[in-house]
Amino acid sequence: MGHLWERYAGAVTIHIRPAEPADLASVGDLHARSRLRAYTGIVPAAALAAGGSAAMAEWWEQRWTYERTTHRLAVAADDADAVLGFTYVGPSETPGATELYAIHVDPDRQGGGIGRALMADVIAALPTLGRRRAVLWVLIENAAARRFYERGGWVADGAERSAPLGPALTRQARYTRLVPAPDETNVAGGSR
């Protein structure tokens with residue numbers, strides 16, 4: 001993970017790299033704005049208001065302090081090193097699986113390929129994380145996210161749960177995909 005990934009998102013060159021402590025405030029701000037845009041109308045407004053930019057930045061700083069040795073936080077940054085998106089991957093409570101906990105893109109930059117580049121980066125990294133299965137959880141009512149994951153090769157496996165998002169309980173569906181062995185070539189959306 002010590003190398004730099006380059007992807008082209010529209011006319012903007014983005015670099016996908018490991019997050020640094022200086023990125024955490026930007027990650028928190030982007031996460032809060034992304035959730036607000038994606039979850040408005042799905043999650044009660046009071047629950048979304050509870051996770052503003054400052055609160056999310058503090059949450060990421062605390063989480064990263066404790067999980068940086070077991071989880072992978074990567075950011076997509078532009079040439080000026082502004083954070084345009086991020087992913088967070090680590091061990092899952094699902095036995096034998098790695099979990100994609102988060103993939104978020106700046107709401108003002110969605111639709112330009114940044115999310116696809118982040119997904120390709122995650123898929124390429126999965127074989128190095130040691131498990132042959134990957135999972136993620138998505139809000140059942142978030143149709144746009146579900147389509148995005150399905151285009152990326154993830155499949156709903158029928159498992160559902162209720163989980164908190166701030167003070168609100170949300171209904172979530174689990175998606176899964178097989179992880180190729182480390183020696184198999186893997187490209188966005190699938191393996192060879």
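These legends go with several close-up views of one predicted model.

This is a predicted model, in which local features need pLDDT of at least 70 and side-chain atom pairs count only at pLDDT 80 or more, while totals for chains, interfaces and linings use all residues. Residues are numbered from 1 along each chain as its sequence is written, and side-chain values use heavy atoms, with hydrogens and water left out.

**View A. Trp-60 and Phe-86 meet edge-to-face.**
Rings of Phe, Tyr and Trp (its six-membered ring) pair if their centres lie within 6.5 Å; planes under 30 degrees apart count as stacked, over 60 as edge-to-face and the rest as tilted. By this rule the model has seven aromatic pairs. One of them is Trp-60 with Phe-86, at 5.4 Å centre to centre and with 80° between the planes. This pair links distant parts of the chain, with Trp-60 in helix α3 and Phe-86 in strand β4 (residues 83-91), 26 residues apart. Helices (H or I, at least four residues) and strands (E, at least two) are DSSP runs, numbered from the N terminus. Trp-60 counts as buried at 1% relative accessibility, and Phe-86 is buried at 0%. Here buried means under 20% relative accessible area, exposed over 50%, and partly exposed in between (1.4 Å probe, protein chains only).

**View B. Tyr-88 and Tyr-101 form a tilted pair.**
The two rings sit 6.4 Å apart, centre to centre, with 55° between their planes. Tyr-88 comes from strand β4 and Tyr-101 from strand β5, 13 residues apart. Tyr-88 is buried, with a relative accessible area of 0%, whereas Tyr-101 is partly exposed at 31%. Ring pairs join both tyrosines into a cluster with Trp-59, Trp-60, Trp-64 and Phe-86. Tyr-101 also has a charge over its ring: the charged end of Arg-63 sits 5.3 Å from the ring centre. For that label, NZ of Lys or CZ of Arg must be within 6 Å of the ring centre and within 35 degrees of the ring normal. Elsewhere, Arg-177 lies over the face of Trp-154, at 5.7 Å from the ring centre.

**View C. His-71 pairs up with Thr-70.**
The side chains of His-71 and Thr-70 share a polar contact of 2.7 Å. A polar contact is a pair of N or O atoms within 3.5 Å; within protein, one must be able to donate a hydrogen and the other to accept it, and residues adjacent in sequence count only if both atoms are side-chain atoms. His-71 is buried, with a relative accessible area of 12%. Leaving out residues up to four places away in sequence, His-71 touches Trp-64, Tyr-88, Val-89, Gly-90, Pro-91 and Tyr-101. Contact here means heavy atoms within 4.5 Å.

**View D. Glu-99 is buried without a salt bridge.**
Glu-99 lies in strand β5 (residues 97-105). The nearest side chain of opposite charge is that of Arg-161, 4.6 Å away. Lys and Arg count as positive and Asp and Glu as negative; His and the chain ends are not counted. What Glu-99 does have is a polar contact, 2.7 Å long, between its side chain and that of Ser-92. Not counting residues up to four places away in sequence, Glu-99 touches several others, including Tyr-88, Val-135, Leu-136 and Trp-137.

**View E. Arg-17 and Asp-81 meet in a salt bridge.**
A salt bridge is a side-chain nitrogen of Lys or Arg within 4 Å of a carboxyl oxygen of Asp or Glu. The whole structure holds 10 salt bridges. In this one, the N to O distance is 3.2 Å. Arg-17 lies in strand β2 (residues 12-18) and Asp-81 in the loop between β3 and β4, so the pair ties together parts that are 64 residues apart in sequence. Arg-17 counts as buried at 10% relative accessibility, while Asp-81 is partly exposed at 42%.

**View F. Arg-33 and Asp-106 form a salt bridge.**
Their side chains meet at 3.2 Å, N to O. Arg-33 belongs to helix α1 (residues 24-39), and the two partners are 73 residues apart. Arg-33 is partly exposed, with a relative accessible area of 28%, and Asp-106 counts as buried at 11%.

**View G. Arg-174 and Asp-157 bridge two strands.**
The N to O distance in this salt bridge is 2.7 Å. Arg-174 lies in strand β8 (residues 168-178) and Asp-157 in strand β7 (residues 155-165), so the pair ties together parts 17 residues apart in sequence. Arg-174 counts as buried at 16% relative accessibility, and Asp-157 is partly exposed at 30%.
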